[in-house]
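Below is a set of questions and answers on how the strands, helices and ligand surroundings of one chain fit together. Please look over the sequence and the model before reading on.

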Amino acid sequence: PTPPAGAVSADGPVVIAHRGASAYAPENTLAAVDKAAAMGFGWVENDVQRTKDGRLVVIHDGTLERTTDVKRLFPGRAPWRVKDLTAREIARLDAGSWYGPGYAGVRVPTLRQYMRRLSHNHQNLLLEIKNPELYPGIESQTLRLLDREGWLDPGHLRNRLIVQSFSADSVRTVHRLRPGVRTAYLGTPRITELPAYARLTDQINSDRGKLSGPYVSAVHAFKGPHAKPLKVFAWTVNRADEARRLTEMGADGIITNAPDVVRKAVTAY
Ligand code: G3P
Ligand code: CA
């Protein structure tokens, strides 16, 4: 399959399937990635954390009970933190049944499995380093894995990969270790803080409710470390009217659980 890049028009925002097409398949699984690909979306977002034995896995919460059957399989292991179970233990969990019976047996992917599926699907990744304070060194470990999988070659760096975090320290570390990687800070810095952010990141990925037209224009006025204007992506936007409002503000990307809804809403632009 060869999904398009995800942009709705030359000037419209790029549409990013949040945790995969997570309105239609269990979040952060290969099934959610495949669903996005089948719907024609080239960009997906995910969350990366680390197991007890040091493997990188794709999961949003710091604990496993919401999106897997961990309580049933390991009743004595409360509070079921990702960092307290081994990769082999996590690989046994069912990460699909909570979403629906049609997804029984879907697993928590390792980052390596996830990257390989994206390559197979010709998709692009907005990778979130989640809870980095729990996982010392996760930035360099993630970059090493991406490198091994071919995701730090010039073509990928130019068009196919963005690394983001709510932690400015984590974003700074990624930028310091591999300056060629495009990064995004998850948050909405004050305008007076933007010069400092522009030294370490290429974009501001903001809660949709905190954005305004003047703010987006102010961000665009700064150039990031790759000498291009800072971009603004908005999350998590699942309604057509919100997608249109953010497009009118000038948002460069919209992160959504329902990429089809957003694409339809902004196609007119
Ligand atoms: O990509 C933005 C968004 O994923 C940030 O919030 O909690 O869904 O990781 P969260
Ligand atoms: Ca995320």
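Q: Which residue is the bridge partner of Asn-46 in β4?
A: In this predicted model, six bridges join strand β2 (residues 43–50) to β4, and the two run parallel. Among these pairings, the partner that Asn-46 finds in β4 is Leu-127.

Q: Which residue of β5 is the bridge partner of Leu-125?
A: Besides its pairing with β2, β4 is joined to strand β5 (residues 161–165) by four bridges, again in a parallel arrangement. Within β5, the residue that pairs with Leu-125 is Leu-161.

Q: How many of the residues of strand β4 (residues 124–129) are buried?
A: Asn-124, Leu-126 and Glu-128 point one way from β4, and these residues are buried. Leu-125, Leu-127 and Ile-129 point the other way and are buried as well. The strand is therefore mostly covered, on the criterion that a residue is buried if 20 or more other C-beta atoms lie within 10 Å of its own, and the number of its six residues that are buried is six.

Q: Which residue of β9 stands opposite Val-15?
A: Strand β1 (residues 14–17) is joined to β2 by two bridges in parallel, with Ala-17 standing opposite Val-44. To strand β9 (residues 253–256), β1 is joined by four bridges, also in parallel. Val-15 points the other way from Val-14 and Ile-16 and is buried, and the residue of β9 opposite Val-15 is Ile-254.

Q: Which helix gives the largest share of the largest nonpolar core?
A: The largest nonpolar core has 72 residues, of which Ile-16, Ala-234 and Ile-254 touch the most other members. Leaving aside neighbours within four places in sequence, Ile-254 is in contact with residues including Pro-13, Val-15, Ile-16, Ala-234 and Val-262. The largest share of this core amounts to six residues, and the helix that supplies them is α1 (residues 30–38).

Q: Within what arc do the buried residues of α4 fall, seen down its axis?
A: The buried residues in helix α4 (residues 111–121) are Leu-111, Tyr-114, Met-115, Leu-118 and Asn-121. They line one face of the helix, because the arc within which they fall, seen down the axis, is 130 degrees.

Q: Which residue just after α4 takes a positive phi?
A: The buried residues of α4 pack against α1, β2, β3 (56–58), β4 and α5 (138–148). Just after this helix, a positive phi of about 55 degrees is taken by His-122.

Q: Which residues are exposed on the other side of α10?
A: In helix α10 (residues 240–249), the buried residues are Ala-243, Leu-246 and Thr-247. They cover an arc of only 105 degrees around the axis, which puts them on the same side of α10. What covers them includes β8 (231–235), β9 and α11 (259–266). On the other side of the helix, the exposed residues are Asp-241 and Glu-248.

Q: How many residues of the shell around ligand 1 are charged?
A: The residues around ligand 1 are His-18, Glu-45, Asp-47, His-60, Glu-128, Leu-186, Asn-205, Trp-235, Thr-236 and Ile-255. One of them, Glu-128, is also among the buried residues of β4. The shell divides into three nonpolar residues and four polar ones, and the number that are charged is three.

Methods:
Residues numbered from 1 in each chain as written. Chains lettered and ligands numbered in written order. Predicted model: local features only at pLDDT ≥ 70, side-chain atom pairs only at ≥ 80, totals over all residues. Core = buried A, V, L, I, M, F, W, Y, C linked by C-beta atoms within 7 Å. Buried ≥ 20, exposed ≤ 12 C-beta atoms within 10 Å, placed from the backbone. Contact = placed C-beta atoms within 7 Å. Pairing = 2+ DSSP bridges. Near = placed C-beta within 6 Å. Nonpolar A, V, L, I, M, F, W, Y, C, P; charged D, E, K, R; others polar. Arc of directions from axis to C-beta.
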